[in-house]
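Student: Could we take one part of this structure and look at it closely together? I would like to see how it fits in with what lies around it.

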Amino acid sequence: MITPRIGVFVCNCGTNIGGTVDVPQVVEYAKNLPYVAHAESNLYTCSEEGISSIKHGIKEYDLNRVVVASCTPRTHQPLFRNACADAGLNPYLFEFVNIREHCSWIHRQNPGEATEKAKELVKMGVAKARWLDAQEEFKSEVYPTAMIIGGGVAGMSAALNLANQGFEVHLVEKEPELGGRLLKLNRIFPINQDPSELVGNIVKSVEGHSKIRLHMPAVVKSASGYIGNFDISVDEGGKEVSFKVGVIIVATGAQVLKPELYRYGELANVLTQLDLEQRLKDGELEEFKNVVMINCVGARIPERPYCSRVCCMTAIKNAALMKEINPQAKVYVLYRDLMTYGVEFEEYYREVKEAGVRFIRYTPSNLPQVMGAERVESVRIYDELMDMELELPCDLLVLATPLIANDDNEELSKMLKVPIGDGGFFLEAHIKLRPVEFPMDGIYVSGSCRWPADIRESIAQGYAAASEAVIPLRQGLVKVEAITATVDPKICKGCGTCVLVCPFDAIELKESEIRGLEGKIVSEVNTALCKGCGLCAAACPNGAIQQRGFTDTQLISMVNALSGKR
Amino acid sequence: MKLQDTKEVQTEFKPKILAFCCNWCAYAGADLAGVSRFQMPTDVRVIRVMCSGRVPPELIIRALANGLDGVMILGCHPGECHYSEGNYLTRRRSHVLKRLLMYIGIEPERFQLRWVSAAEAAKFTAVVKEITDKITALGPNRWVDKR
């Protein structure tokens with residue numbers, strides 16, 4: 001065995017790590033670890049500069065192992081492995097140490113102990129790196145079909161995009177009709193268009209598309225497998241339908257909060273913005289003279305701290321519409337802050353103000369008060385700018401409530417093994433760098449199930465998810481990480497324990513054909529079926545099976561490093 | 001022996017705890033705890049494995065025999081294993097392992113098994129706190145001394 005020459009690259013991640021962990025101290029510590037030939041710190045090891053310093057380090061110091069101590073292998077391992085490969089080092093001679101998610105971020109009040117922990121984690125990584133071996137990856141085929149969960153505007157956009165590129169799509173919608181939330185809207189901002197034209201066109205193209213198979217009303221019952229090869233079962237109107245797909249896009253949308261505030265549900269003339277849209281759409285809105293709208297109802301409060309983003313524009317749009325229906329009406333919008341962030345939104349807001357809609361700011365410490373016994377008669381509000389209490393006449397009170405996560409997100413999250421985060425919304429693999437991908441390969445996310453999004457954003461995200469999903473579909477092959485099991489036929493006694501524990505039937509007992517062992521009954525791993533769980537390696541009583549990248553020697557060396565044994 | 005005891009009363013005991021985390025659930029849950037900036041004790045070190053079922057009991061015994069104060073395995077909830085049944089093997093082994101630890105004279109509480117999903121950052125944090133407290137209350141692992 002060639003003497004290991006390990007290079008250690010410790011990332012500051014700006015101040016994310018360096019602000020808590022004493023990175024220079026960790027580098028000095030690493031330099032004195034066994035087989036470490038070089039150690040340095042980087043401002044961002046994942047930046048172009050950091051990557052080139054890895055490549056440079058490999059050549060300059062003749063490194064044959066690389067350890068990066070930075071964030072999580074779940075997002076950045078491929079990047080660093082590629083850097084090694086570019087410099088001519090087998091990418092499996094790379095080891096990741098997580099000192100951000102597992103250290104600096106969770107021990108911010110304790111920089112001293114965080115630094116000690118980071119040192120130990122690096123020590124463990126270096127100990128494992130010493131025993132790494134070069135590996136070749138196995139390639140597996142991708143079933144050229146996609147499943148999209150959710151037939152709203154995001155899901156339909158993704159479906160059309162993939163279908164137009166020639167791939168079969170299974171579109172699963174739980175309602176009996178395509179269109180999602182868009183079906184319930186009266187007009188869309190900032191163009192005041194009737195959404196039924198828009199959604200009608202999209203629905204027609206989806207329904208008429210030869211490549212799109214609709215499952216409706218249907219819910220996904222089970223999903224198993226991995227990128228390129230998912231087995232799906234859906235309950236379609238009580239009937240179970242099973243199919244195979246290579247990729248999955250989650251576009252299940254969100255729901256509108258029904259508030260328990262401002263006497264909603266108690267007084268007949270208190271509506272949410274969505275109720276108002278429904279009444280306008282059905283032509284059932286009673287005559288009104290004075291409209292008050294309150295924004296941020298149930299949003300940006302301690303139990304729901306986020307801004308739902310789309311409700312300000314909804315309120316502005318409907319306020320304008322009220323003015324249009326009854327130009328004599330007085331229309332007030334009570335807001336905390338106004339979110340008019342999109343293209344042309346600010347312009348639209350100004351036009352609405354010019355049309356006579358009044359905007360009055362309130363603060364959470366001085367909430368508007370609803371007055372009236374049977375119906376809302378007026379709303380009291382303290383106007384900050386005028387420093388006085390106002391009593392606004394009101395015969396229609398409209399509450400802008402946030403979009404909240406769907407109730408079934410948690411179930412779906414468990415089924416697909418994808419994370420959900422704050423407020424029950426789905427969480428992408430990386431908040432900045434991988435906006436429509438889940439950490440699970442081959443599963444993508446788009447639309448309001450991730451975070452409240454308007455129509456334009458939902459469509460864009462649907463396209464984005466489709467364009468990510470099409471990569472494995474188009475390539476037709478995915479590389480399987482070289483973490484599969486291997487058997488040493490000389491040690492194997494042919495007991496078959498591994499055959500029993502393997503969940504994938506990837507191991508068989510066979511007569512060996514290896515010279516010198518002819519006729520001996522030994523286990524043989526079918527790499528195409530092996531998923532790299534390592535169950536067989538743990539179960540083998542003789543230590544004949546090893547999982548590549550997680551060998552007994554590698555794991556023991558980490559345990560020994562932590563406990564101070566060599 | 002007595003001298004050593006008094007010394008340890010004076011300096012606060014910081015346990016050294018090892019956690020084997022499944023790549024698909026607990027490791028991701030730990031990542032999410034980091035992303036969420038949940039603060040927790042500094043005593044736990046994580047080793048990533050692809051499945052909780054990859055961890056052989058020998059490795060846990062070795063860690064404890066080496067003098068680590070606690071070892072935990074964090075895997076997927078029953079029924080949610082990425083490899084369909086790895087965590088069931090872990091669960092079965094853990095029962096036998098606890099009895100074996102008792103037999104060889106290591107407090108079985110030094111080994112802990114918990115289920116933490118990829119979404120359960122708060123649970124990961126709670127588990128780290130709970131087990132750090134448990135192991136701290138047990139005191140230093142003296143098995144090496146006894147031998």
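Student: What should the 13 residues of helix 2 (residues 48-60) of chain A span at 1.5 Å a residue, and how far apart are its end C-alpha atoms?

Tutor: Happy to help! Before the answer, some ground rules: this is a predicted model, in which local features need pLDDT of at least 70 and side-chain atom pairs count only at pLDDT 80 or more, while totals for chains, interfaces and linings use all residues. Residues are numbered from 1 along each chain as its sequence is written, chains are lettered from A and ligands numbered from 1 in the order in which they are written, and side-chain values use heavy atoms, with hydrogens and water left out.

Now to your helix. The 13 residues of helix 2 of chain A should span 18 Å, and the end C-alpha atoms are 18 Å apart, which agrees. The expected span here is 1.5 Å times one less than the number of residues. Helices (H or I, at least four residues) and strands (E, at least two) are DSSP runs, numbered from the N terminus.

Next, look at which residues are hidden. A residue is buried under 20% relative accessible area, exposed over 50%, and partly exposed in between (1.4 Å probe, protein chains only). In helix 2 of chain A, the buried residues are A:Gly50, A:Ile51, A:Ser53, A:Ile54, A:Gly57 and A:Ile58. They cover an arc of only 160° around the axis, which puts them on the same side of helix 2 of chain A; the arc is that of the directions from the helix axis to the C-beta atoms. On the other side of helix 2 of chain A you will find A:Glu48, A:Glu49, A:Lys59 and A:Glu60, which are exposed.

What does the buried side meet? Its residues pack against strand 1 (6-11), strand 2 (36-42), strand 3 and helix 3 of chain A, where contact means heavy atoms within 4.5 Å. After helix 2 of chain A comes A:Asp62, with a positive phi near 55°.

Two of those partners lead us onward. Strand 3 (residues 65-70) of chain A runs parallel to strand 4 of chain A, and five bridges join them; two strands pair if DSSP finds at least two bridges between them. The chain passes from strand 3 of chain A through helix 3 (residues 73-86) of chain A to strand 4 of chain A, a right-handed β-α-β crossover. Right-handed means that, with the strands pointing away from the viewer, the path from the first strand over the helix to the second runs clockwise. Within this pair of strands, A:Ala69 stands opposite A:Val97 of strand 4 of chain A.

Strand 4 (residues 94-98) of chain A is itself mostly covered, with five of its five residues buried. A:Phe94, A:Phe96 and A:Asn98 point one way from strand 4 of chain A, while A:Glu95 and A:Val97 point the other way.

Finally, step back to the whole chain. Chain A has 15 helices and 28 strands, and buried residues make up 57% of its 566 residues. Among its contacts between residues at least 6 apart in sequence, 69% join residues at least 24 apart. Elsewhere in chain A, an open sheet of five strands has the order 8-7-6-12-23, with parallel pairing. Strand 8 (212-215) and strand 23 (443-445) of chain A stand at its edges, each with a single partner strand, so one side of each is left without a neighbour in the sheet.
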